[in-house]
Amino acid sequence: QIQLVESGGGSVQAGGSLRLACVGSVNIPRMAWFRQGPGSEREGVATIDQWNRTKYADSVKGRFTISRERAKATLYLQMNSLKPEDSAMYYCAASYRSPTLLTLAGQDYTYWGQGTQVAVSS
């Protein structure tokens, strides 16, 4: 019943930009973006809660921006100054849990999208 659908992935040259979107069937308090490259473990990229507080992985600070539009139940990830290291499958995640601190741990999220592929060439 609760579904998340990502879009916006694609191929881009280093230094370029992409904007990912995640449309949910309903608004969920805490949402996040994760990514997983070939042969790598899943890692948290950015998260945003119902109070619009945000947290980013050190590797993307200053380059990526997470935001949401509640009226559209949509989550966004604006990615600028892309690097080849950013190449991965990007997943949207959500949770009704209310931790006191923002979290980028996958175990703290319940719902997941199917992912959208991002490829950055040099």
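Which residue does Lys61 meet in a salt bridge? In this predicted model, the partner is Asp58, with N and O 3.1 Å apart. Asp58 itself sits out in the open, as its relative accessible area of 65% makes it exposed. This pair is part of a wider set, since the structure holds 7 salt bridges.

Two further pairs bring together residues with contrasting surroundings. Arg35 and Glu43 join through their side chains, with 2.8 Å from N to O. With a relative accessible area of just 6%, Arg35 counts as buried, while Glu43, at 35%, is partly exposed. In the other pair, Asp49 and Arg53 form a salt bridge whose closest N and O atoms lie 2.7 Å apart. Here the acidic residue is the hidden one: Asp49 has a relative accessible area of 1% and is buried, whereas Arg53 is partly exposed at 38%. Some of the salt bridges also share partners, and in this way Arg35, Glu43, Arg63 and Asp86 end up in one network. As a general point, side chains of opposite charge can pair when their charged atoms come close.

On to the strands. An open sheet is built from 4 strands in the order 1-3-8-7, with antiparallel pairing. Strand 1 (4-7) and strand 7 take the edge positions; each has a single partner strand, so each has one side without a neighbour in the sheet. On average, and ignoring direction, neighbouring strands in this sheet are turned by 15° against each other.

Strand 8 turns up again and again in this picture. Its antiparallel pairing with strand 3 runs over 6 bridges, and another 6 bridges join strand 8, again antiparallel, to strand 7. Leu75 in strand 8 stands opposite Cys22 and also opposite Arg68. Further along the pairing, Glu69 has Thr74 of strand 8 as its bridge partner. Strands 7 and 8 make a hairpin with 4 residues between them, and in the turn Ala73 has a positive phi of about 50°. Strand 8 is also well covered: 5 of its 6 residues are buried, so the rest of the structure largely encloses this strand.

Next comes the nonpolar interior. The largest nonpolar core takes in 27 residues, and Trp33, Leu77, Met79 and Tyr90 have the most contacts inside it. Among the elements that give two or more residues to this core are strand 3 (18-24), strand 4 (30-36), strand 8 (74-79) and strand 11 (116-121). The top contributor is strand 9, which gives 4 residues. In soluble globular proteins, nonpolar side chains tend to be buried together.

Finally, there is a covalent link to consider. A search of the whole structure turns up 1 disulfide. Cys22 and Cys92 form this bond, with their sulfur atoms 2.1 Å apart. Cys22 belongs to strand 3 and Cys92 to strand 9, so to speak a bridge between distant parts of the chain, 70 residues apart. The link between Cys22 and Cys92 is left-handed, with -75° about the S-S bond. Are these cysteines buried or exposed? Both Cys22 and Cys92 are buried.

Terms used:
Residues are numbered from 1 along each chain as its sequence is written. This is a predicted model: local features need pLDDT of at least 70, side-chain atom pairs count only at pLDDT 80 or more; totals for chains, interfaces and linings use all residues. Side-chain values use heavy atoms; hydrogens and water are left out. A nonpolar core is a set of buried Ala, Val, Leu, Ile, Met, Phe, Trp, Tyr and Cys residues joined through side-chain atoms within 4.5 Å. Buried means under 20% relative accessible area, exposed over 50%, partly exposed in between (1.4 Å probe, protein chains only). A disulfide is a pair of cysteine sulfur atoms within 2.5 Å. Two strands pair if DSSP finds at least two bridges between them. Axes are lines fitted to C-alpha atoms, for helices over the stretch in contact, and angles run from 0 to 180 degrees between N-to-C directions. A salt bridge is a side-chain nitrogen of Lys or Arg within 4 Å of a carboxyl oxygen of Asp or Glu.
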